[in-house]
Amino acid sequence: KSWGKILKFFIYRYAFISILSFLLSNLLYNIFIFNFHVSFASFLSLFIVLNLNIFFFFKLRIFKTNKKNYLRIVLISVFFRIFEYLLFNLFHLYLFKEIKSSLMFALTLILSFMIKSIVYYKSSDVK
């Protein structure tokens, strides 16, 4: 396959997962924030979306379904979920206290998305 087709394949499928993850993370966060502290609401929403991402990576054939790829996806996803969680808490609790927490959560996810896109593409099986 040509590089352009491979990149297009990845972008279309990964964009679906990312947009769904972004929307669902924000929706869950805003639901959980009514019952939990903002930090715990962030953790819960990111954990739920982590499991959905793994499912979609295999379902949309970005990664071949095998144990090695499952472990790779889990490691990358967990790293980024921890990164997002810590970044959110850093921004919300220390740096930008005056900004609404749901906006800060969205900004955290956008920043993480840009970095994640490169890492997942380099790790994917669509090459």
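Helices here are DSSP runs of at least four residues, numbered from the N terminus, and Ser-39 lies in one of them, helix H2. Welcome to a predicted model of a protein with 4 helices and 0 strands. Let's walk through the overall fold, then the helices, and then some individual residues.

**The overall picture**

- Starting at the N terminus, the order of elements is α-α-α-α.
- The protein has 127 residues, and 43% of them are buried.
- Its accessible surface is about 7700 Å², and carbon and sulfur atoms account for 74% of that area.
- Take the contacts in the protein with a separation of 6 or more: 71% of these are between residues 24 or more positions apart.

**Helix H1 and Ser-25**

- Helix H1 covers residues 3-32, and Ser-25 is part of it.
- Ser-25 has a relative accessible area of 1%, so it counts as buried, since the cut-off for buried is under 20%.
- What does Ser-25 touch, once neighbours within four places in sequence are set aside? Its contacts are Ser-45, Leu-46, Val-49, Phe-105 and Leu-109.

**Helix H2 and Ser-39**

- Helix H2 runs over residues 38-59, which is 22 residues.
- At 1.5 Å a residue, H2 should span 32 Å, and its end C-alpha atoms are indeed 32 Å apart, so the two values agree.
- After H2 comes Arg-61, which has a positive phi near 60°.
- Ser-39 of H2 is buried because its relative accessibility is 12%, and the cut-off is under 20%.
- Leaving out residues up to four places away in sequence, Ser-39 is in touch with Tyr-85, Phe-88 and Asn-89.

**Helix H3: Asn-69 and Ile-82**

- Helix H3 takes in residues 67-95, and Ile-82 has its place there; Asn-69 lies in H3 too.
- Is Asn-69 buried or exposed? With 3% relative accessibility, Asn-69 counts as buried.
- Asn-69 touches Phe-58, Phe-63, Lys-64 and Asp-125, again not counting residues up to four places away in sequence.
- Asn-69 and Ser-124 are 55 residues apart along the chain, and 8.6 Å separates their C-alpha atoms.
- Ile-82, in turn, is partly exposed, because its relative accessible area is 46%, and partly exposed residues fall between the 20% and 50% cut-offs.
- From Ile-82 to Leu-46 there are 36 residues in sequence, with 8.8 Å in space from C-alpha to C-alpha.

**Helix H4 and its surface patch**

- Helix H4 spans residues 101-123, and Met-114 lies in it.
- How many residues does H4 have, and what span should they give at 1.5 Å a residue? There are 23 residues, which should span 33 Å; the end C-alpha atoms of H4 are 32 Å apart, so expectation and model agree.
- There is also a bend in H4 of about 25°, found at Ile-115.
- A nonpolar patch on the surface is formed by Leu-103, Leu-107, Ile-110, Leu-111, Phe-113, Met-114 and Ile-115.
- Together, the residues of this patch have about 580 Å² of accessible area.
- Met-114, one of the patch residues, has a relative accessible area of 48% and is therefore partly exposed.

Key
Residues numbered from 1 in each chain as written. Predicted model: local features only at pLDDT ≥ 70, side-chain atom pairs only at ≥ 80, totals over all residues. Heavy atoms only, no water. Patch = residues over 30% accessible without salt bridge, like charges linked within 9 Å, V, L, I, M, F, W, Y side chains within 5 Å. Areas by Shrake-Rupley, 256 points an atom, 1.4 Å probe, with all protein chains shown as cover. Salt bridge = Lys/Arg side-chain N within 4 Å of Asp/Glu carboxyl O. Helix = DSSP H or I, 4+ residues; strand = E, 2+ residues; numbered from the N terminus. Buried < 20%, exposed > 50% of the residue type's maximum accessible area, 1.4 Å probe, protein only. Contact = heavy atoms within 4.5 Å. Expected span 1.5 Å × (residues − 1). Bend = angle between axes of the 7 residues up to and from the residue.
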